[in-house]
Amino acid sequence: MAASAPAGLVIRPRDIKFACESGRWWMGNDPIATAYYNAFSASFPQAERYFIDAVRYYRDRADGELQKQIAGFIAQESMHSREHVTFNRAGICSGYDLSRIDALLKARFDWARSLSRIRQIASTAALEHFTTILACEAIGNPRHLETAPPEIRRLWCWHAGEEIEHKSVAFDTFMLAAQSLSPVARWRLRCSVMAASTWYLFDFMFRGVAEFFRQDQIASPLTWLRFLKFSMITPGVIRRVLGEYLRWYAPGFHPWRKDDRALIAAAEKELARS
Ligand SMILES: [Fe+2]
Ligand SMILES: [Fe+2]
């Protein structure tokens, strides 16, 4: 069982520009599912900038292989942000105002940047675990994206595939940053940072989704019940990733203990379809 990236893994930025044209409720005309994906997309530009800066800080200390992976990580995340900025603008064109969400994210990431460097890389590794398990679910279960317009489905598959490809970079950089700590202290740090990151992620998702519901004028208990059903029952994305999420807390966890390379290939197959 691997405790490092597979030998020969190449983190290869795929420089693709997507021409997404999105109607307001682009995910199957469903405001609930659309709000969920829109909230994530709204967060990516600022989140990925934070991830890049957290990883880049340690680049010069990394060995040759990890340095190469960090370069691939930075290139991939930069392109993800570029494409999600475009996608988010399409959302604005369809009538959404993202300024409140942007301000909330800015406050959160300004605060996160005030933490110690080791906490910044630990929270990056923790949030990258989330992007990985959600990416695996998005690609592994075609049901999630099947009602998205083809170009938007390609965008999310492209992003998800690259998230899987670079899934261990922030984790390995954290391990480098924490190498002077004892194994127990390192485990405690990454578990406590994951618990806090989980709270902040869910808090953001709640507020982000609420903002889309508010702008759609559908904020009501019934809408939230539908959101609960969407996230926990059908398709139940949060319920479905819960087991993978918990693997983080195991001593000895490493992202590549589970080999997901078949899902990268599946994402590439989707990208080749045009
Ligand atoms: Fe990304
Ligand atoms: Fe990532």
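## Overall build

With 274 residues, a compact globule should come out at a radius of gyration near 19 Å, and the protein chain has 18 Å, so the two agree. Keep in mind that this is a predicted model. Laid along its principal axes, the C-alpha trace of the protein chain fits a box of roughly 50 × 40 × 30 Å.

As for secondary structure, you'll find 10 helices and 0 strands in the protein chain. Read from start to end, that gives the pattern α-α-α-α-α-α-α-α-α-α.

## Packing and surface

A fair bit of the chain is tucked away: 54% of the 274 residues count as buried. Take the contacts between residues at least 6 apart in sequence, and 84% of them join residues at least 24 apart.

On the outside, the accessible surface of the protein chain is about 12700 Å², with 59% of that belonging to carbon and sulfur atoms. Charge-wise, there are 36 positive and 29 negative side chains, and the centres of the two sets sit 4 Å apart.

## The iron site

Now for the metals. The iron ion (ligand 1) is held by Glu48 (OE), Glu77 (OE), His80 (ND1), His159 (NE2) and Glu163 (OE), at 2.0 to 2.3 Å. If you want to spot these donors in the sequence, look for the spacing E-x28-E-x2-H-x78-H-x3-E. There is also an iron ion (ligand 2), 3.9 Å from the iron ion (ligand 1), and Glu77 coordinates both.

Glu48 belongs to helix H1 (residues 31–56) and Glu163 to helix H5 (residues 150–165), so this pair ties together parts that are 115 residues apart in sequence. Both Glu48 and Glu163 are buried.

## Trp158 and Thr131

Trp158 is another residue of helix H5. Buried or exposed, what is Trp158? Trp158 is buried, because its relative accessible area is 1% and the cut-off for buried is under 20%. Leaving aside residues up to four places away in sequence, Trp158 touches Arg14, Ile16, Phe18, Met79, His80, Glu83 and Leu271. One of those contacts, His80, is also a donor to the iron ion (ligand 1). Phe204 is a different story: 46 residues from Trp158 in sequence, with 24 Å between their C-alpha atoms.

Thr131 sits in helix H4 (residues 117–140). With a relative accessible area of 17%, Thr131 is buried as well. The C-alpha atoms of Thr131 and Ala160 are 7.8 Å apart, though 29 residues separate the two along the chain.

## Backbone oddities

A few backbone spots are worth a look. Most residues other than glycine have a negative phi, and most peptide bonds are trans. Against that background, Thr234 and Pro235 are joined by a cis peptide bond, with omega about -5°. Pro235 falls in the loop between helix H8 (221–232) and helix H9 (237–246).

Then there's Asn29, not a glycine, yet with a positive phi of about 55°. Asn29 is in the segment before H1, and at 58% relative accessibility Asn29 counts as exposed. Gln217 also has a positive phi, near 55°, without being a glycine. You'll find Gln217 in the loop between helix H7 (183–215) and H8, where Gln217 is exposed, with a relative accessible area of 72%.

Key. Residues are numbered from 1 along each chain as its sequence is written. Chains are lettered from A and ligands numbered from 1 in the order in which they are written. This is a predicted model: local features need pLDDT of at least 70, side-chain atom pairs count only at pLDDT 80 or more; totals for chains, interfaces and linings use all residues. Side-chain values use heavy atoms; hydrogens and water are left out. Helices (H or I, at least four residues) and strands (E, at least two) are DSSP runs, numbered from the N terminus. The radius of gyration is taken over C-alpha atoms; the globule rule is 2.2 Å times the number of residues to the power 0.38. Buried means under 20% relative accessible area, exposed over 50%, partly exposed in between (1.4 Å probe, protein chains only). Contact means heavy atoms within 4.5 Å. Accessible areas come from the Shrake-Rupley method with a 1.4 Å probe; for residues, only the protein chains shown count as cover. Lys and Arg count as positive and Asp and Glu as negative; His and the chain ends are not counted. The place of a charge is taken as NZ of Lys, CZ of Arg, CG of Asp or CD of Glu. Donors are N, O and S atoms within 2.8 Å of the metal (3.2 Å for Na, K and Ca); water is not among the atoms, so sites may look incomplete.
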